[in-house]
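Here are my notes on the model you sent. They run from the overall fold to single residues.

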Amino acid sequence: MKYKIDNNNLLNNFLIYAKINTRSNPNNSKQIPSTNCQLDLIKILKQQLEELNLQEVKVNPKNSYLTALLPSNTDEARPTIGFIAHLDTADFESENVNPQVHYNYDGKPIKFDNGLELTTTEFPNLKKFIGQTLITTDGKTLLGVDDKAGIASIISAITYLLNHPEISHGPIKIGFGPDEEIGQGAKHFDISDFQADFAYTLDNGDIGDIEYETFNAAQAVITIQGKSVHPGQAKEGGLVNAITIGEKIDSIIPQFERAEFTDNREGYYLMLNFDAKIESAELTYIIRDFDHNNFEKRKQLIRNIVNLLNQQLDRPRINLQIEDEYYNMADIIKKNPYTIDLAKQALINLGITPTIKAFRGGTDGSLITYQGMPTPNLFNGGDNFHGPYEFVTVEAMQAVAATIIEISHISK
């Protein structure tokens, strides 16, 4: 690797971050952050950034983003680049995280005390990391690679640049924010406060991945008002079964346009929840599509289904609320692909093959890009996110840190 990142410092930082429970809570999304435990990590990171003597280290009271500035060390005019990672972890057990470090991983099955196994047979990607310093869970919790690997890599990259002033770079902004996993944190991101020309999130993906194409996303909540009467008098009493209506709604949605039948750039519908009894029901769907026109058609299909069934009932009993969540940032980034070209060149300079991927999900960058700051996503080097099989290697995080350094160095 072009830059010799301190692996001990990187590993130690990651282990510190991983052990802190920062799980977000979708049921408390109106609070920022949704869980106070995320502030525990913010305190540690803020102290680290201050000890590095970065400028403008602060926590925005409105959105709980921790930001800092590494000033330019050159007289050349350079763009201000942001690097962003999220603090929270996903909806999986996150108390008492106990990372396991496997030095010089030999490729053999890793057996956890609770009976789970991490094997190259079930997870072929593991083979790529043989000989490296592998970090796993103990089988009982997630690890928090998503996105503490991104955080650790940013800290290592900034530390390296401070220790190597001969590497020229422009202004670098750092942002660590809450509640990415529940889709809330970036809604409150303050571009005018962050003040970068463009940025990168470092959130999931294999080494070399560049993701700037994401879904357009919406959530549909359908509520049904039934009418419950004694079943012996159901006909004469006009029983209206909300359960049956909900099942009918779901049956009309095209079967092979559901998430489990789609991949690559195919959009989908996914029922997240169906809570029903005779007198009332609620169905929650997410709607996803890379193409904006198709996205609008998918939303319209749900509207049409509701309208059709309402016309067949004694009175309108079905209510629909659709809320857009985020949009495909490719629609904006393609107009000025410099951020992508810069990342590709940085990877090539490091001997890493760039891989452009359409991300079947969303990142904070989706929302931030539509606020006016192009923010594609780069890899954090981890795998098997959000569960007990999660892992990352020190070498993968070193590659992330090196990519941050090279992007900062070659930007013009």
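1. Helices, as counted here, are DSSP runs of H or I with at least four residues, and strands are E runs of at least two, numbered from the N terminus. On that basis the protein chain has 11 helices and 17 strands. Please keep in mind throughout that this is a predicted model.

2. Overall dimensions. The protein chain has a radius of gyration of 24 Å, which agrees with the value near 22 Å for a compact globule of 412 residues. Along the principal axes, the C-alpha atoms fill a box of roughly 85 × 50 × 40 Å.

3. Burial and contacts. Of the 412 residues in the protein chain, 54% are buried. Contacts in the protein chain between residues at least 6 apart in sequence are joined in 80% of cases by residues at least 24 apart.

4. Surface and charge. The protein chain exposes about 18100 Å², and carbon and sulfur atoms supply 46% of that area. The chain carries 37 positive and 54 negative charges, and the mean positions of the two sets are 4 Å apart.

5. The open sheet. In what order do the 8 strands of the open sheet run? The order is S1-S2-S8-S3-S9-S16-S10-S15, with mixed pairing. The edge strands are S1 and S15 (355–359), each of which pairs on one side only.

6. One pairing within the sheet. Strand S3 (residues 81–86) pairs with S8 in the parallel sense, over 6 bridges. Phe83 stands opposite Ile174 in S8.

7. Asn204. This residue lies in the loop between strand S9 (198–202) and strand S10 (209–214). Is Asn204 buried or exposed? Its relative accessible area is 11%, and the cut-off for buried is under 20%, so Asn204 counts as buried. Leaving aside neighbours within four places in sequence, Asn204 is in contact with Glu211, Phe359, Asn377, Leu378, Phe379, Asn380 and Phe385. Anyone looking at this loop should view Asn204 together with those residues.

8. Cis peptide bonds. A cis bond joins Ile32 and Pro33, with omega about -10°. Pro33 is placed in the loop between helix H1 (7–18) and helix H2 (37–51). Another cis bond runs from Asp146 to Asp147, where omega is near 15°. Asp147 is placed in helix H3 (residues 145–163). The Asp146 to Asp147 bond is cis in a predicted model, and I list it here for the record.

9. Ser64. Phi of Ser64 is near 65°, a positive value in a residue other than glycine. Ser64 sits in the loop between strand S1 (55–59) and strand S2 (66–70). With a relative accessibility of 7%, Ser64 counts as buried, because the limit is under 20%.

10. Asp179. Here too phi is positive, at about 60°, although Asp179 is not a glycine. The residue lies in the loop between strand S8 (172–177) and helix H4 (191–194). What is the relative accessible area of Asp179? The value is 2%, so Asp179 is buried under the 20% cut-off.

Notes
Residues numbered from 1 in each chain as written. Predicted model: local features only at pLDDT ≥ 70, side-chain atom pairs only at ≥ 80, totals over all residues. Heavy atoms only, no water. Rg over C-alpha atoms; globule rule 2.2 N^0.38 Å. Buried < 20%, exposed > 50% of the residue type's maximum accessible area, 1.4 Å probe, protein only. Contact = heavy atoms within 4.5 Å. Areas by Shrake-Rupley, 256 points an atom, 1.4 Å probe, with all protein chains shown as cover. Lys, Arg positive; Asp, Glu negative; His and termini not counted. Charge placed at Lys NZ, Arg CZ, Asp CG, Glu CD. Pairing = 2+ DSSP bridges.
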